[in-house]
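Please take some time with the sequence and the model shown here before reading on. The paragraphs after them are meant to be read slowly, with the picture at hand.

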Amino acid sequence: GLLSRNKNKDESKRFVLVLIDIAALAAQGTSFFLWPLLNSSRPSLWLIPPSLFLVSCGWWENYVSMQSPFGFVKSLARVKKELRLTRYFTYMFISVWKIIAFFISTLLILHMKDETVGHLFSKLSSAFGKHQIMISTVRLDATGRATDIIDILEADNNSIDAFVNTPIYVLLLQIFGAYFAYVFGKFACKILIQGFSYAFPVNLTIPVSISLLIAACGLRNDDPCIFHATIPDYLFYDSPPPHFLNDFVSKQYAWVWLLWLLSQTWITLHVWTPKCERLASTEKLFVVPMYNSLLIDQSMGLNRKRDDQPEVKVE
């Protein structure tokens with residue numbers, strides 16, 4: 001990390017590494033303000049900077065070292081060392097606190113959006129029971145917009161039965177997908193095939209996911225019924241128009257995604273160069289022995305320990 005670069009290294013090499021660190025951090029920093037600044041009509045986007053900062057704090061231990069030239073970084077490194085003795089006991093309470101914090105945040109968001117908070121409790125059973133959803137069919141032009149206001153006013157409204165088990169399926173898919181990703185990733189690290197079976201998939205997660213989403217949206221535009229037997233017809237992504245390359249580059253900021261990907265690859269470069277011994281313990285492989293299932297790819301990249309050198313036993 002930038003604040004933990006060792007002065008004992010060759011000064012010219014250290015200078016180059018620091019410059020690359022600064023460039024990577026600057027590229028990552030654009031994600032804090034790019035969308036809020038370019039979408040001034042959506043003030044809620046200003047929640048992105050504090051959200052990203054707070055999420056990234058979960059892996060601070062991986063980027064502090066006793067070899068740092070900065071005193072406060074050394075202090076944090078000492079705290080990190082002490083946490084190793086009490087981590088599991090501490091996380092007994094942190095896990096409960098996270099659940100409470102998420103639930104309270106949900107209630108606050110509903111209240112701030114002028115929603116009826118009581119419905120979260122009173123209508124829970126009906127939400128997972130048989131009910132209908134109103135579907136509006138609006139005629140769109142080639143750009144994906146309504147051709148006229150009359151098309152919206154005269155939209156066809158139909159009621160269809162909701163697939164009540166869909167949220168449960170999505171939840172189970174998320175739980176098991178993240179779990180298996182973590183388990184098999186940890187196994188790859190333990191048997192020292194981390195380069196191809198851990199680092200490579202982690203770095204490919206975002207570009208491959210975006211490519212698959214673009215392909216799925218293209219298939220959906222060509223044939224609206226293509227996922228009829230797999231995904232409920234009323235659920236899908238906000239598909240862009242068929243000819244959307246200019247919009248994708250200018251409005252979706254695809255031009256800066258490459259910078260974000262390259263800078264994150266540099267920040268997590270340590271996942272390509274493991275130094276641990278075969279069958280190392282989980283505590284040796286990861287900063288936090290647990291994983292973040294909501295951000296599993298980020299968790300696996302940032303949570304993998306940088307200082308995982310095998311211990312030298314003195315007899």
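What follows is a walk through some helices and loops of this model, which is a predicted one.

A good place to begin is helix H7, which covers residues 166-190. How far apart should the ends of this helix be, if each residue adds 1.5 Å? Its 25 residues should span 36 Å, and because the C-alpha atoms at its two ends are indeed 36 Å apart, the expected span and the modelled one agree. Several residues of H7 are buried, namely Thr 166, Ala 178, Tyr 182, Gly 185, Lys 186, Ala 188, Cys 189 and Lys 190. When reading such a list, it helps to remember that an α-helix has 3.6 residues a turn, so residues three or four places apart point the same way. The partners against which the buried residues of H7 pack are helix H8 (194-222), helix H11 (282-285) and helix H12 (296-303).

One of these partners, H8, can now be followed in detail. The axes of H7 and H8 come within 8 Å of each other, crossing at roughly 145°, and the crossing is left-handed. On the H7 side the contact is made by Gly 185, Ala 188 and Cys 189, while H8 contributes Gln 194, Ser 197 and Tyr 198. Sorted by class, the residues of this contact are three nonpolar and three polar, with no charged residues.

H8 also meets H12, and here the two axes come within 9 Å and cross at roughly 140°. That angle makes H8 oblique to H12, because angles over 145 degrees would count as roughly antiparallel. The crossing of H8 and H12 is left-handed. Tyr 198, Val 202, Thr 205 and Ile 206 of H8 meet Asp 297, Gln 298, Met 300 and Gly 301 of H12. The residues of this contact divide into four nonpolar, three polar and one charged. Tyr 198 of H8 thus appears in the contact with H7 and in the contact with H12.

The loops deserve a look as well. Most residues other than glycine have a negative phi. Which sign does the phi of Leu 192 have? Leu 192 has a positive phi of about 60°, although it is not a glycine. This residue follows H7 and is found in the loop between H7 and H8. With a relative accessibility of 37%, Leu 192 counts as partly exposed, because that value falls between the limits of 20% and 50%. Leu 279 likewise has a positive phi of about 60° without being a glycine, and its place is in the loop between helix H10 (254-267) and H11. Leu 279 is exposed, because its relative accessible area of 62% is over 50%.

Finally, two pairs of residues show how positions separated along the chain are placed in space. Leu 235, in the loop between H8 and helix H9 (245-250), is partly exposed, with a relative accessible area of 35%. Its C-alpha atom is separated by 9.7 Å from that of Thr 166, although the two residues are 69 residues apart along the chain. Thr 166 is one of the buried residues of H7. Ser 75, which lies in helix H3 (residues 71-112), is partly exposed at a relative accessible area of 32%. The C-alpha atoms of Ser 75 and Ser 65 are separated by 9.0 Å, and these residues are 10 residues apart along the chain.

How values were computed. Residues numbered from 1 in each chain as written. Predicted model: local features only at pLDDT ≥ 70, side-chain atom pairs only at ≥ 80, totals over all residues. Heavy atoms only, no water. Helix = DSSP H or I, 4+ residues; strand = E, 2+ residues; numbered from the N terminus. Expected span 1.5 Å × (residues − 1). Buried < 20%, exposed > 50% of the residue type's maximum accessible area, 1.4 Å probe, protein only. Contact = heavy atoms within 4.5 Å. Axes fitted to C-alpha atoms, helices over the stretch in contact; angles between N-to-C directions. Parallel < 35°, antiparallel > 145°, perpendicular 65-115°, else oblique. Left-handed = near helix turned anticlockwise from the far one by under 90°. Nonpolar A, V, L, I, M, F, W, Y, C, P; charged D, E, K, R; others polar.
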